[in-house]
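Open the model in your viewer and keep the selection box handy. We'll walk through it one stop at a time.

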Amino acid sequence: MPYPMTPLAHLTQTLQQNGLVKFLAHFVKEYPECHLKDLTMETMGPGRQVQIHGKTLINFGSDSFLGLDQDPRVQEALHEGIRKWGTHNGTSRAFASVEANIRAEEKLASWLGTEAVLIYPSVTLANLGAIPGLVGKPDLLVVDQHAHNSIQEGARIAKANGTRVLFFENCDPMGLSKTLEQAGKYRLAVVAIDGVYSMSGVIPPLKEINQVCLNRNAVLYVDDAHATAVLGTQGRGTVLDAVGNYDNTLVVGSLSKGFSCLGGFVGCTGEMKTLLKMRSNTYIFGGPVGPPYLEAICAVCDILTSGEYLLILENLRRNQRELVYGLKNLGLNVLGGETPIVSIVSGDETNTLKAGKMLFDQGYYVQSVIFPAVPYHSGVLRVQVNANHELAAVQGLVQAFAKVTRDIPFPDLEPARQAI
Ligand SMILES: Cc1ncc(COP(=O)(O)O)c(C=O)c1O
């Protein structure tokens with residue numbers, strides 16, 4: 001062999017020298033005990049009980065905010081879907097869809113209040129397909145600097161295709177206005193933001209941002225993944241309540257979080273749906289959400305549009321209020337609080353990992369979020385409250401945090417808030 005190692009071994013070694021890989025590997029090595037990533041949940045029980053490494057904990061790391069993953073009607077719809085359609089129809093929707101897909105999209109559109117909805121296999125694939133599909137070479141794509149990774153990746157594809165891509169300061173309408181003004185000439189612009197920033201739970205000023213878009217010939221594209229089913233009237237998300245209509249927005253929602261099913265969607269006009277079907281490579285060249293999940297999505301739509309939704313939501317809000325009140329009482333810097341994502345600023349990577357482990361040892365799993373998911377030294381402990389958490393579990397988590405604060409120095413509010 002003419003080379004000292006095989007090409008695959010060479011590739012492996014090269015990747016091991018990558019800066020980010022070395023950074024992450026450093027923490028795995030340095031803190032093997034408290035590096036709670038890549039975990040396996042061995043069992044799941046009621047009230048979000050899980051077993052990890054044989055230890056029973058309450059899971060505060062699930063985006064299944066309404067607890068509908070445990071709802072018998074949703075589970076039965078999934079079973080019925082298997083009986084009716086099998087596990088998967090195995091074809092790109094560019095060729096053929098099952099009837100459940102059409103029904104699910106109609107139900108989603110009717111619930112959301114848009115003319116149409118197009119389902120993708122995930123929100124990531126919606127963003128990777130729709131964003132580059134919306135813009136061309138003469139256009140401008142402007143992205144909130146903290147927008148979700150899948151928006152940023154969609155922007156990279158758009159850029160590689162020749163679209164100009166600019167960024168603006170997180171949640172800042174004035175910054176957006178300046179960016180659009182300074183951009184000079186463009187045919188049209190698309191501004192891409194999150195409806196809820198998933199690491200901090202912060203909601204952007206949508207009305208103001210949309211007004212800037214209208215003033216500057218820009219369409220607003222909102223990834224509302226974390227608001228779907230949990231914010232806004234009947235869980236329709238942030239956009240309609242804040243802006244009043246969908247005249248200038250494309251709204252993306254998740255079917256895997258509050259919906260407890262699988263997939264993502266774009267809510268739009270019928271005309272735009274037709275265009276997205278032709279312009280989204282992830283829709284054309286990839287497979288769809290499996291039919292059983294489409295049946296489950298229909299069942300969730302029925303729950304969201306029923307009177308029962310408010311009862312489920314009340315449990316969620318009660319848990320949210322209890323958690324935020326308790327954490328703030330401890331003097332912790334709590335980000336968000338309007339949504340079921342509650343982030344506690346923990347600062348550097350070491351503190352964040354250690355604090356997460358101390359909670360784990362007390363029987364509570366929360367996510368220790370460090371760079372690159374958040375800026376360097378701006379770690380957070382991310383708590384996801386669910387409607388099916390027992391109130392006592394939420395109170396127990398607050399008490400566990402109280403113990404952690406005795407050993408871990410949590411940073412001051414303002415610098416930390418600015419960093420996220
Ligand atoms: C704002 C946002 N967009 C997209 C995603 C990814 O969603 P999916 O798992 O459906 O790809 C997430 C996941 O947390 C998110 O927070």
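**Stop 1: two unusual spots in loops**

Start by selecting Pro 372, which sits in the loop between strand 14 (367–369) and strand 15. Now add Phe 371: the peptide bond that joins Phe 371 and Pro 372 is cis, with omega at about 10°. Keep in mind as you zoom in that this is a predicted model.

Next, jump to Asp 38, in the loop between helix 2 (19–30) and strand 1. Asp 38 is not a glycine, yet its phi is positive, at about 60°.

**Stop 2: colour by confidence**

Switch the colouring to pLDDT. The chain has a mean of 94, and 98% of its residues reach 70 or more. Then select 413–420, where the pLDDT is below 50; beyond near neighbours in sequence, this stretch makes 15 contacts in the model. Where pLDDT is low, the predicted coordinates shouldn't be read in detail.

**Stop 3: the four-stranded sheet**

Select strand 1 (41–44) and follow the sheet across from there. In what order do the four strands of this open sheet lie? The order is 1-2-3-13, and the pairing is mixed. Strand 1 and strand 13 (364–365) are at the edges with a single partner strand each, so one side of each has no neighbour in the sheet.

Zoom in on strand 2 (residues 49–52) and strand 3 (residues 55–59): they run antiparallel and are joined by four bridges. For a pair to click on, take Gln 49, whose bridge partner in strand 3 is Ile 58. Another is Ile 52, which has Lys 55 as its bridge partner in strand 3. The hairpin of these two strands has two residues between them, and His 53 takes a positive phi near 50° there.

Stay on Ile 58 and look towards strand 13, where its bridge partner is Tyr 364. Strand 3 and strand 13 run parallel, with two bridges joining them.

**Stop 4: the seven-stranded sheet**

Now select strand 4 (116–120) and strand 6 (164–168), the edge strands of the next sheet, each pairing on one side only. Between those edges, the open sheet of seven strands follows the order 4-10-9-8-7-5-6, again with mixed pairing. Neighbouring strands here are turned by 20° against each other on average, direction ignored.

Which way do strand 4 and strand 10 run relative to each other, parallel or antiparallel? They run antiparallel, and five bridges join strand 4 to strand 10 (residues 264–268). Click Tyr 120 to find one of its ends: the bridge partner of Tyr 120 in strand 10 is Gly 264.

Two helices are worth showing on this sheet. Helix 4 (residues 99–112) lies across strand 4 and strand 10, at about 125° to strand 4. Helix 8 (residues 206–215) lies across strand 7 (189–194), strand 8 (218–223) and strand 9 (249–254), and runs at about 150° to strand 8.

**Stop 5: the ligand**

Select the ligand and show what surrounds it. How many residues are in the shell? There are 13, and the closest are Ser 122, Val 123, Thr 124, His 148 and Ser 198. Colour the shell by class and you'll get nine polar, two nonpolar and two charged residues.

**Stop 6: where the domains meet**

Zoom out and give the two domains separate colours: domain 1 is 30–59 + 308–419, and domain 2 is 71–304. Their C-alpha centres lie 28 Å apart. At the contact, 17 residues of domain 1 meet 15 residues of domain 2.

On the domain 1 side, the elements to select are helix 13 (308–329), strand 11 (334–336), strand 12 (341–347) and strand 15 (379–384), which each give two or more residues to the side touching domain 2. By class, that side of domain 1 has ten nonpolar, four polar and three charged residues.

How values were computed
Residues are numbered from 1 along each chain as its sequence is written. This is a predicted model: local features need pLDDT of at least 70, side-chain atom pairs count only at pLDDT 80 or more; totals for chains, interfaces and linings use all residues. Domain bounds come from an automatic or database domain assignment. Two residues are in contact if their C-beta atoms, placed from the backbone, lie within 7 Å. Ala, Val, Leu, Ile, Met, Phe, Trp, Tyr, Cys and Pro count as nonpolar, Asp, Glu, Lys and Arg as charged, and the others, Gly among them, as polar. A residue is near a molecule or strand if its C-beta atom, placed from the backbone, lies within 6 Å of it. Two strands pair if DSSP finds at least two bridges between them. Axes are lines fitted to C-alpha atoms, for helices over the stretch in contact, and angles run from 0 to 180 degrees between N-to-C directions. pLDDT is the predictor's confidence in each residue, from 0 to 100.
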